[in-house]
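Here's a walk through a protein model, taken one piece at a time. Have the 3D view open and follow along.

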Amino acid sequence: MSVQVDMSTGADWRELAVCRSIGPEPFDTPDNMSSSALKAHYDRARVFCESCPVQYECLASALNEEEGVPRDERQGVRGGFGPRARYNQGPFLLERVVASR
Ligand code: SF4
């Protein structure tokens, strides 16, 4: 299922991304990290995402790019959600983002 995002303003949502000034490391999936450490790592990233003005657009973009991608090949936090949540819940996560705003 493809998710439609309104880009009618012509602006690139990435220009408004909170992570743009932070860098990618907090949002990546590090190698050789225990599951509890990885959860803490993702939780820290999610704090940034929850304050990000383009969380919806970011998540929609991730879901589009990952369509058909197996769970274990998805990486990092995008749009406030880790790989497992994006794989298991897909577009339903967009409703959660809208409801949280
Ligand atoms: S929602 Fe998170 S990962 Fe997406 S642009 Fe914003 S800060 Fe970056």
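Let's begin with the whole chain: 24% of the 101 residues in the protein count as buried. Keep in mind that this is a predicted model. On the secondary structure side, you'll find 4 helices and 0 strands, so to speak an α-α-α-α pattern when you read along the sequence. As for how the chain comes together, 60% of the contacts with a separation of 6 or more are between residues 24 or more positions apart.

Now zoom in on helix H2, which spans 55–65. How many of its residues are buried? The count is 8 of the 11, so H2 is largely enclosed by the rest of the structure. The buried ones are Gln 55, Tyr 56, Glu 57, Cys 58, Leu 59, Ala 60, Ala 62 and Leu 63. What do they pack against? Their partners are H1, helix H3 (83–89) and helix H4 (92–100).

The pairing with H4 deserves a look of its own. Two packed helices are described by the angle between their axes and the distance between those axes. For H2 and H4, the angle is about 175° and the axes sit 10 Å apart. Since anything over 145 degrees counts as roughly antiparallel, that angle makes H2 roughly antiparallel to H4. On the H2 side, Gln 55, Tyr 56, Leu 59 and Ala 60 do the touching, and they meet Leu 93, Leu 94, Val 97 and Val 98 of H4. Sorted by class, this contact has 7 nonpolar residues, 1 polar and no charged ones.

Next, the nonpolar core. In soluble globular proteins, nonpolar side chains tend to be buried together. Here the largest nonpolar core has 15 residues, and Ala 45, Cys 58, Leu 59 and Val 77 have the most contacts inside it. H1 and H2 are the elements that give two or more residues to this core, with H2 supplying the largest share, 6 residues. Take Ala 45 as an example: leaving aside residues up to four places away in sequence, Ala 45 touches Pro 26, Phe 27 and Val 77.

Finally, turn to the ligand. Which residues come nearest? Of the 14 residues around the ligand, those are Ala 17, Cys 19, Cys 49, Cys 52 and Cys 58. Helix H1 (35–50) and helix H2 each give two or more residues to this shell. By class, the shell divides into 10 nonpolar, 3 polar and 1 charged. Cys 58 ties the story together, being among the buried residues of H2, among the core residues with the most contacts and among those nearest the ligand.

Technical notes: Residues numbered from 1 in each chain as written. Predicted model: local features only at pLDDT ≥ 70, side-chain atom pairs only at ≥ 80, totals over all residues. Near = placed C-beta within 6 Å. Nonpolar A, V, L, I, M, F, W, Y, C, P; charged D, E, K, R; others polar. Buried ≥ 20, exposed ≤ 12 C-beta atoms within 10 Å, placed from the backbone. Contact = placed C-beta atoms within 7 Å. Axes fitted to C-alpha atoms, helices over the stretch in contact; angles between N-to-C directions. Parallel < 35°, antiparallel > 145°, perpendicular 65-115°, else oblique. Core = buried A, V, L, I, M, F, W, Y, C linked by C-beta atoms within 7 Å.
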